[in-house]
Amino acid sequence: MLRILLVEDEENIRETVKLNFEMENFEVVTAEDGRRALKHAGEQHFDVMIVDVMLPEVSGFQVVEQIRLTNRDTPIIFLTAKDQAQDRIQGLKKGADDYLTKPFVFEELLLRVNRLIERTSKSPEVQPDLFRFGSNQVNFATYEARGNQGTFTLTKKEAMLLKLLTERRGEVVSRQQILQSVWGYDVYPSTRTIDNFILSFRKYFEQDPKNPAHFLSVRGVGYKFVA
């Protein structure tokens, strides 16, 4: 039985969509807010996720961004009342595969879900998630990296932070954004922890760690990755 994670804060919509999918022989796990969605996504396997954008506490955009740091494969559909082009573009940039606006017809949502699942199941074997910059290389699927000291293995948190920075290359990412995306929304480490991670990245990947070319500090804000 195919499994769906349905994240929707409006109870009537959540229960109606859940019932309809169950009638189509799907198993549906629901969450009414972003925190519960992240908990379910981190603990269970799903064949597709349907995520509302306007959620309490943690927005759908933030939920998908955090999920994509460790899960690139599960198809995600945004379900939302926001229908501006810029909203759709932002949703796709965060890692969604599709975007359906409210109000919607269930048959259309079902069709989109089935097509995403079919496409995923028929896709060829995924190549390693490699990222190269300068003479460095990182495999985000295996956490293996190559830098100044040869080949080594990143920790999960190092890989998540590095992925966040590289996916936002050229943008300043605040310490608060880093804490929320990499460490979650319940328990934060000190911001000094982030600084230590960046120092490690410079040691791993910079030709001159004291004069970094890739991992730049932005005083009073956070960090920026430059390829």
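This passage describes the overall build of one protein chain, then two of its helices and three unusual backbone sites. The model is predicted.

The chain contains 8 helices and 12 strands. Its radius of gyration is 19 Å, close to the 17 Å that the globule rule gives for 227 residues, so the chain is as compact as a globular protein of that length. Along the principal axes, the C-alpha trace spans about 60 × 40 × 30 Å. Of the 227 residues, 46% are buried. Contacts were also sorted by separation along the sequence. Among contacts with a separation of 6 or more, 55% are between residues 24 or more positions apart.

The surface was examined next. About 12100 Å² of the chain is exposed, and carbon and sulfur atoms supply 47% of that area. The chain carries 31 positive and 33 negative charges. The mean positions of these two sets lie 9 Å apart.

Helix α3 covers residues 60-68 and is mostly covered, with 8 of its 9 residues buried. The buried residues are G60, F61, V63, V64, E65, Q66, I67 and R68. They pack against helices and strands from several parts of the chain. The helices are α2 (34-43), α4 (85-94), α6 (156-167) and α7 (175-183). The strands are β3 (48-52) and β4 (76-80).

Helix α6, one of these packing partners, is mostly covered too: 9 of its 12 residues are buried. The buried residues are E158, A159, M160, L161, L162, K163, L164, L165 and T166. From first C-alpha to last, α6 reaches 16 Å, close to the 16 Å expected at 1.5 Å a residue.

Three loop sites have backbone geometry of note. Most residues other than glycine have a negative phi, and most peptide bonds are trans. Against this background, the peptide bond that joins K102 and P103 is cis, with omega about -5°. P103 sits in the loop between β5 (98-101) and α5 (106-122).

The other two sites concern phi. N25 is not a glycine, yet its phi is positive, near 70°. N25 lies in the loop between α1 (11-23) and β2 (27-31). Its relative accessibility is 58%, above the 50% cut-off, so N25 counts as exposed. E57 likewise has a positive phi, near 70°, and is a residue other than glycine. E57 is found in the loop between β3 and α3. With a relative accessible area of 59%, E57 is exposed.

Notes:
Residues are numbered from 1 along each chain as its sequence is written. This is a predicted model: local features need pLDDT of at least 70, side-chain atom pairs count only at pLDDT 80 or more; totals for chains, interfaces and linings use all residues. Side-chain values use heavy atoms; hydrogens and water are left out. Helices (H or I, at least four residues) and strands (E, at least two) are DSSP runs, numbered from the N terminus. The radius of gyration is taken over C-alpha atoms; the globule rule is 2.2 Å times the number of residues to the power 0.38. Buried means under 20% relative accessible area, exposed over 50%, partly exposed in between (1.4 Å probe, protein chains only). Contact means heavy atoms within 4.5 Å. Accessible areas come from the Shrake-Rupley method with a 1.4 Å probe; for residues, only the protein chains shown count as cover. Lys and Arg count as positive and Asp and Glu as negative; His and the chain ends are not counted. The place of a charge is taken as NZ of Lys, CZ of Arg, CG of Asp or CD of Glu. The expected span of a helix is 1.5 Å times one less than its number of residues.
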